[in-house]
Amino acid sequence: FGPVGGLISPSKFYEEDYNVVKKIRGIEIAARVYAESAYITHKRETKQKLVWGFATDSEMLEWYGTQSMFDIGEGRMLRTSDNNKAMIGSEIANDLFDDDIKVGNTISINGQPFEVVGIHEKKGGLASADDAIRIPLSTARITFNQPTEVTAMFVKVREGFDVDSVA
């Protein structure tokens, strides 16, 4: 997964595309996300932010545990069985609304309640999760009525394979 970078494509991706990519020889791990702008409400304030749906299967959860952008400052990581749960970045928790959001609080995403189960450790920088709102991919698909669209895919190439050859 390495440094952030790559190409932005105007094309749409779908689950079928992800299923092809993850089977390519030389791919160690592939991940997909779905992201959409949403109205986030805490107490009586509403703001618009991007919400990220991340896979919460055991393989992905294990990988997230190795990535610093998923470090937890308070609470816990999303779990496979979580529905209507969210992890938020430190800026969302402490700066977005007049009142701070704490683990155990409820926020609404497009009017649907989500319990905050974790707050990411403050990192700073471009690739941090400081302003992220993450929910399970399965929940994002229902919340945003997007059963198969994929916003982005990330892949890690196996050691010993040339990235250009695999791409």
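## Strands S3 and S8

Strand S3 (residues 45–54) and strand S8 (residues 133–136) run parallel to each other and pair over 3 bridges. Two strands count as paired here if DSSP finds at least two bridges between them. Strands are DSSP runs of E with at least two residues, helices are runs of H or I with at least four residues, and both are numbered from the N terminus. Within this pairing, Phe54 stands opposite Pro136 in S8.

A word on what you are looking at: this is a predicted model, in which local features need pLDDT of at least 70 and side-chain atom pairs count only at pLDDT 80 or more, while totals for chains, interfaces and linings use all residues. Residues are numbered from 1 along each chain as its sequence is written, and side-chain values use heavy atoms, with hydrogens and water left out.

## From S3 to helix H2

If you follow the chain onward, Thr56 sits in the loop between S3 and helix H2 (58–64). Thr56 counts as buried because its relative accessibility is 10%; buried means under 20% relative accessible area, exposed means over 50%, and partly exposed lies in between (1.4 Å probe, protein chains only). Leaving aside residues up to four places away in sequence, Thr56 touches Leu61, Leu78, Arg79, Thr80 and Pro136. A contact means heavy atoms within 4.5 Å.

Leu61 belongs to helix H2. With residues up to four places away in sequence again set aside, Leu61 touches Thr56, Met77, Leu78, Arg79 and Thr80. For a sense of distance, the C-alpha atoms of Leu61 and Glu28 are separated by 15 Å, and these two residues are 33 residues apart along the chain.

## Strand S2 and its partners

Strand S2 (residues 27–42) pairs with S3 in the antiparallel sense, over 10 bridges. In S3, Val51 is the residue that stands opposite Glu36. S2 also pairs with strand S6 (residues 106–109), antiparallel and over 2 bridges. There, Ile40 has Ile109 in S6 as its bridge partner.

S6 in turn pairs with strand S7 (residues 112–120), in the antiparallel sense and over 4 bridges. One bridge of interest joins Thr106 to Glu115 in S7.

## Two hairpins with positive phi

Most residues other than glycine have a negative phi. The hairpin of S2 and S3 has 2 residues between the strands, and Lys43 takes a positive phi near 60 degrees there. Lys43, which is not a glycine, lies in the loop between S2 and S3. With a relative accessible area of 57%, Lys43 is exposed.

The hairpin of S6 and S7 also has 2 residues between its strands, and Asn110 in the turn has a positive phi of about 50 degrees. Asn110 is likewise not a glycine, and its place is the loop between S6 and S7. Asn110 is partly exposed, because its relative accessible area is 39%.

## The nonpolar cores

In soluble globular proteins, nonpolar side chains tend to be buried together. Here the largest nonpolar core has 36 residues, and Tyr64, Ile88, Ile107 and Ile109 have the most contacts inside it. Strand S2 gives the largest share of this core, with 6 residues. A nonpolar core is a set of buried Ala, Val, Leu, Ile, Met, Phe, Trp, Tyr and Cys residues joined through side-chain atoms within 4.5 Å.

Which residues does Ile107 touch? Not counting residues up to four places away in sequence, they are Ile40, Thr41, His42, Ala86, Ile88, Ile101, Gln112, Pro113, Phe114 and Val116. Apart from the largest core lies another one, of 5 residues, among them Ile27, Ala30, Val157 and Val166.

## The whole protein

Stepping back, the protein has 5 helices and 10 strands. Its C-alpha atoms fill a box of roughly 50 × 30 × 30 Å, taken along the principal axes. The radius of gyration is 16 Å, which agrees with the value near 15 Å for a compact globule of 167 residues; this radius is taken over C-alpha atoms, and the globule rule is 2.2 Å times the number of residues to the power 0.38.

Of the 167 residues, 40% are buried. Among contacts with a separation of 6 or more, 69% come from residues 24 or more positions apart. The accessible surface comes to about 9500 Å², of which 49% belongs to carbon and sulfur atoms; accessible areas come from the Shrake-Rupley method with a 1.4 Å probe, and for residues only the protein chains shown count as cover.
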